[in-house]
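User: I've got a model open and I'd like to learn how to read it. Can you walk me through some features, starting with charged pairs?

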Amino acid sequence: MKVIYLDNCATTRVDDEVVDAMLPFLREDFGNPSSPHLLGKRARRAVDGATESVARLIGADPADLVFTSGATESNNLALLGMFGHEDRAPVNAAVCPTDHKSSLSIGRALAGRGLDVRTMRVRPDGRVDLGHLAGLLDPFSRVATASWVNSEIGTVQPVRSMAALCHEAGAMLHVDGAQAAGRIPVDVREAGIDTMSMSGHKIRGPKGVGALYVRPEIRHRLRPVLFGGGQYALRSGTIPTHLVVGMGKACELASAGMAAGTRRVRELRATALEMLMTGFPCVRVNGDPDGGVPHVLNVVLPGVRGESLVSSLRSVALSTGSACNSGSQEPSHVLTAIGLDAENANSSVRICLDSRLPAEDLVRGLELVLERARALADVVVALDGPRR
C-alpha cells in the first residue's frame, strides 16, 4: 500500500545519491579513518571531503565541525559542555520554551545541578521576545539556546539579534539548526552563532549522524562529555565513515537544490492551505503564517482530536508535532507556549512538505485527511449535540 508521506520534519527519505555514496564505505573501503594503512587513508579522505561539504552548507570552516550521532547529542555536547560540575547559581542559562525536548531536558538537568535556568518569552507567532531576552541576560549568563527553525510551527528565530544580545552580555548563543540547515540559507559566522547542531536525516541523509559547529574563538570554553581515543578533541569515538559520507553528500545536494526546492515547496504549501481552508470550517494556522519556513504547516482543525486523526489514517503519514512527543497525552508544549489552550492545541496537526512530493499525491493525501477529519468532527457533534 502506498503511503503519502507528509511528515518530513520528523525524518526524510534518504536520497538515492546518498545511498550510492555510502555503500563503498560499507563494503570495499571499510577501514577505520584513524588507521594509518591504505584503507584507513581512503576513509580519512572521504571523511575530510564530507566535512568540507557540511561546512560549506552552513558557512563554516571544516575545522569548526565535530561529528556526532545527531542534533540531540550535539545539543548535549554544546550546552552541558559550557558548564563545569562545580558551577552553581547565580551562573545561569536561558532556554526557549518552544525548543526541541532535547534542549529543554538539558535545561532541567542543569537546573537540577543548581544552576539558574531562565525561560525566554515568546510571542504568539513563536518568535522570541528580544526585549525579554535582554532582561534575562546578566554578567553571570553563560549561554542562551533556541532553535533557528521551530520543528512544529516553522517559526524562524532572529538568531542574529539574539547573538548580538548574548555577546553584549558576555554570554554565548547555541542554536539548534536541525530544521534550518539545508532548508534555509545558513551562515553561522555571519549570524554570530557560537555553536549549532545539525542532523543528517532531516535533509535526506542517514539517521544516526549529525554535527556540531563550534566557533573557534570559544572552543576552549567547551568541555567534552565523552572521553576515549580523542578522534575529535571534543568528542571521542570511532568515526562512522559511511554515515559521515552520507551526511556530506546530503549537504552537497541540499546546497545545490535549495533555491529551486524552496520555490517548489511554496507552491505545495499554497495548494495545501487552499484545500484546508476550503475543505474544513474555521481552520486556523498556528505560528507565523508569513515569516515561517514554507515546508511546515501547522493548523487547528476545530472539533477534531489531532491524535485520533493521525492514528486513524492508513495511507497518509502526518503528525501532531515533534516526533519526540509521540505518545504523550499532554498538549504540545510549543502550541501552549504561544498561547493556545489545551483544546485547540490537541486539535492541531502538522504537515511537513518536501519539494519532491508530487502535487497529485499532496492533493490526494489532503483529500483523505479532510474526509477523515470531517467524519471525526461529525462524531463529536453527534456525541455532544449541535454546536451553538
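User: Which residue forms a salt bridge with Glu17?

Analyst: Here's the general idea: side chains of opposite charge can pair when their charged atoms come close. Keep in mind that this is a predicted model. In it, Glu17 pairs with Lys249, and their closest N and O atoms are 3.9 Å apart. A salt bridge counts here within 4 Å. Glu17 sits in helix α1 and Lys249 in helix α8, so the pair ties together parts that are 232 residues apart in sequence. Glu17 is partly exposed, at 43% relative accessibility. There's also a network: Glu17, Lys249 and Glu252 are linked by salt bridges.

User: How many salt bridges does the structure hold?

Analyst: It holds 19. Another one to click on joins the side chains of Asp15 and Arg356, at 2.6 Å from N to O. Asp15 is in the loop between β1 and α1, while Arg356 is in the loop between β12 and α12, so this bridge connects parts 341 residues apart in sequence.

User: Is Asp15 buried or exposed?

Analyst: Asp15 is buried, with a relative accessible area of 4%. Its partner Arg356 is partly exposed, at 48%.

User: Where do Arg364 and Glu367 lie?

Analyst: Both are in helix α12, three residues apart, which is about one turn of the helix. They form a salt bridge too, with closest N and O atoms 3.5 Å apart. Arg364 is partly exposed at 41% relative accessibility, and Glu367 is partly exposed at 36%.

User: What does the side chain of Thr11 make a polar contact with?

Analyst: With the side chain of His201, at 2.9 Å. Thr11 is in the loop between β1 and α1, and at 16% relative accessibility it counts as buried. Setting aside neighbours within four places in sequence, Thr11 is in contact with Tyr5, His201 and Lys207.

User: Now the greasy parts. Which residues have the most contacts inside the largest nonpolar core?

Analyst: The general idea first: in soluble globular proteins, nonpolar side chains tend to be buried together. Here the largest nonpolar core has 63 residues, and those with the most contacts inside it are Leu57, Ile58, Met120, Trp148, Met196 and Met198. Helix α8 supplies the largest share, seven residues. A separate core has 30 residues, including Ala272, Leu276, Val369 and Ala373. For a close look, try Met198: beyond its neighbours within four places in sequence, its contacts include Val54, Leu57, Ile58, Met247 and Cys251.

User: Leu57 and Ile58 came up twice. What do the buried residues of α2 pack against?

Analyst: They pack against β2, α7, β7, β8 and α8. Leu57 and Ile58 are among the buried residues of α2, along with Gly40, Ala43 and Val54. Just after this helix, Gly59 takes a positive phi of about 75°.

User: How far does α2 reach from its first C-alpha to its last?

Analyst: The trick is to compare the end-to-end span with what you'd expect at 1.5 Å a residue. α2 has 21 residues and reaches 31 Å, close to the expected 30 Å. Now try the same on α8: it has 39 residues, but its end C-alpha atoms are only 48 Å apart, short of the 57 Å a straight helix would reach.

User: Where is the kink in α8 centred?

Analyst: On Met258, and the kink is about 60°.

Technical notes. Residues numbered from 1 in each chain as written. Predicted model: local features only at pLDDT ≥ 70, side-chain atom pairs only at ≥ 80, totals over all residues. Heavy atoms only, no water. Core = buried A, V, L, I, M, F, W, Y, C linked by side-chain atoms within 4.5 Å. Buried < 20%, exposed > 50% of the residue type's maximum accessible area, 1.4 Å probe, protein only. Helix = DSSP H or I, 4+ residues; strand = E, 2+ residues; numbered from the N terminus. Contact = heavy atoms within 4.5 Å. Expected span 1.5 Å × (residues − 1). Bend = angle between axes of the 7 residues up to and from the residue. Polar contact = N/O pair within 3.5 Å; in protein donor to acceptor, adjacent residues only side chain to side chain.
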